[in-house]
Amino acid sequence: MPEPPGAAAPPDPPDRPELSELSELSELSELPELPEPPATSPALPALAVEDLVAGYGGVTALHGVSVSAPEGTVTAVLGANGAGKTTLLRAISGLVRVRRGRVLLHGADLTRRRPEETARAGVAHVPEGQGVITELTVEENLRLGALTRIDRAARAGALAQAYEQFPVLAARRRKAAGTLSGGERQMLVIARALLSRPRVLLLDEPSLGLAPKIITQVMGLVAQLRDSTGLTILLVEQNARAALAIANQGIVLHLGRVVEAGDPAALAADTGLLNHYLGL
Ligand SMILES: Nc1ncnc2c1ncn2[C@@H]1O[C@H](COP(=O)(O)OP(=O)(O)OP(=O)(O)O)[C@@H](O)[C@H]1O
Ligand SMILES: [Mg+2]
């Protein structure tokens, strides 16, 4: 059984005075009291999506999608442009209204919760596009991620743990995030999401815009995170082969429906399927 994130957090480093100009941001952490995250039950999948129907106004983007992600696994969510991959992540984290179906985190019903509630319950969502604040340093970007869910005392430990997991970021902690490469930015947004100590990580196309060698590195990192922390990861990718290479299971979405699901090696070997639904 892997240790939960933060179980072996190193000692807290001292507070960083140069961040004083960000102090007003700490007020963001004064969120209203939210229900405690549900207790973990090993018998239940970490994340279960049941018959989800969701969309935008008159557009239905998901037509009854089901996914079951066991704890400590990577599920590759594949599909062509417009298949509904992003909508699935957004519906899970409460950013798109769910019309039918359920989202369960270790059996606890998160359907139609507000985004801050799903985050608080342990779902971290890294949207497409490496959204870092380029003018702030790496460390300032990380500290912004630590504002929610965990208390002040836990933040420094979480930060130290992030640097342990991502040595590249530790080496660049005082550099402006705008100076990072695409791969490093992707690491920064993932590290930032992990500061809230999630149980489930939703990653939307982390390989987008990265060179093939860097994609392999980012995928290796995702696998390593799963293996070292027991995190459950939904990995949305157009880069099917790279995602399937590290996934425990895969699903293929097409026009808002799951058209194929199962063993990643079998999916990767099915050239007809990859060609038909993913254009590979
Ligand atoms: N804000 C929106 N308003 C209306 N329709 C939308 C909106 N966002 C997405 N859609 C539609 O919902 C469907 C699913 O889109 P979604 O973004 O989930 O696909 P995707 O699989 O993530 O595609 P991509 O690979 O291009 O990121 C598409 O038909 C899309 O046009
Ligand atoms: Mg998308």
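The following exercises, with worked solutions, treat the architecture and ligand surroundings of a predicted model.

**Exercise 1. Describe the overall make-up of the protein: how many helices and strands does it have, and what percentage of its residues is buried?**

Step 1. The secondary structure consists of 10 helices and 10 strands.

Step 2. Of the 280 residues in the protein, 44% are buried.

Step 3. Among contacts with a separation of 6 or more, 72% link residues 24 or more positions apart.

Step 4. The largest nonpolar core contains 73 residues. Within that core, L202, V222, L234, L235 and A243 have the most contacts. As a general background, nonpolar side chains tend to be buried together in soluble globular proteins.

**Exercise 2. Determine the strand order of the open sheet of six strands, and identify which strands stand at its edges.**

Step 1. The order across this open sheet is 6-7-8-3-9-10, and the pairing is mixed.

Step 2. Strand 6 (123–126) and strand 10 (257–262) are at the edges; each has a single partner strand, so one side of each lacks a neighbour in the sheet.

Step 3. From one strand to the next, the twist averages 15°.

Step 4. Strand 6 pairs with strand 7 in the parallel sense through four bridges. One bridge partnership here is that of V126 with L203 in strand 7.

Step 5. Strand 7 (residues 200–204) also runs parallel to strand 8 (residues 232–237), to which five bridges join it. Across this pair, L202 has L234 as its bridge partner, and D204 stands opposite V236.

**Exercise 3. Examine strand 7: which of its residues point one way and which the other, and is D204 buried or exposed?**

Step 1. Strand 7 is mostly covered, five of its five residues being buried.

Step 2. V200, L202 and D204 point one way from the strand, while L201 and L203 point the other way. The residues of both groups are buried.

Step 3. The cut-off for a buried residue is 20 or more other C-beta atoms within 10 Å of its own. D204 has 20 such atoms within 10 Å and is therefore buried.

Step 4. Neighbours within four places in sequence aside, D204 is in contact with T86, L89, V126, P127, E128 and V236.

Step 5. D204 and L235 lie 31 residues apart in sequence, yet their C-alpha atoms are 6.5 Å apart in space.

Step 6. L234, in strand 8, can be treated likewise. Apart from neighbours within four places in sequence, L234 is in contact with L47, A69, T75, V77, L89, L202 and L203. L89 thus appears in the contact lists of both D204 and L234.

**Exercise 4. Give the strand order of the open sheet of four strands, and state which of its strands helix 1 touches.**

Step 1. The four strands are arranged in the order 2-1-4-5, with antiparallel pairing.

Step 2. Strand 2 and strand 5 (108–109) are the edge strands, each pairing on one side only.

Step 3. Two bridges connect strand 4 (residues 98–105) and strand 5 in the antiparallel sense. Across this pair, L104 stands opposite D109.

Step 4. Helix 1 packs on this sheet and touches strand 1 (47–56), strand 2 and strand 4. The direction of helix 1 makes about 70° with that of strand 2.

**Exercise 5. Assess the burial of helix 1: how many of its residues are buried, and which residue with a positive phi follows it?**

Step 1. Eight of the eight residues of helix 1 are buried, so the helix is largely enclosed by the rest of the structure.

Step 2. These buried residues are K85, T86, T87, L88, L89, R90, A91 and I92.

Step 3. After helix 1 comes G94, with a positive phi near 90°.

**Exercise 6. Characterise the shell around ligand 1: which residues surround the ligand, and which element supplies the largest share?**

Step 1. The residues surrounding ligand 1 are Y56, V59, A61, G79, N81, G82, A83, G84, K85, T86, T87 and Q238.

Step 2. By class, the shell comprises four nonpolar, seven polar and one charged residues.

Step 3. At least two shell residues come from each of strand 2 (59–69) and helix 1 (85–92).

Step 4. Helix 1 provides the largest share, three residues. Among the shell residues are K85, T86 and T87, which are also buried residues of helix 1.

Definitions and conventions: Residues are numbered from 1 along each chain as its sequence is written. Chains are lettered from A and ligands numbered from 1 in the order in which they are written. This is a predicted model: local features need pLDDT of at least 70, side-chain atom pairs count only at pLDDT 80 or more; totals for chains, interfaces and linings use all residues. A residue is near a molecule or strand if its C-beta atom, placed from the backbone, lies within 6 Å of it. Ala, Val, Leu, Ile, Met, Phe, Trp, Tyr, Cys and Pro count as nonpolar, Asp, Glu, Lys and Arg as charged, and the others, Gly among them, as polar. Two strands pair if DSSP finds at least two bridges between them. Axes are lines fitted to C-alpha atoms, for helices over the stretch in contact, and angles run from 0 to 180 degrees between N-to-C directions. A residue is buried if 20 or more other C-beta atoms lie within 10 Å of its own, exposed if 12 or fewer, and partly exposed in between; C-beta atoms are placed from the backbone. Two residues are in contact if their C-beta atoms, placed from the backbone, lie within 7 Å. A nonpolar core is a set of buried Ala, Val, Leu, Ile, Met, Phe, Trp, Tyr and Cys residues joined through C-beta atoms within 7 Å.
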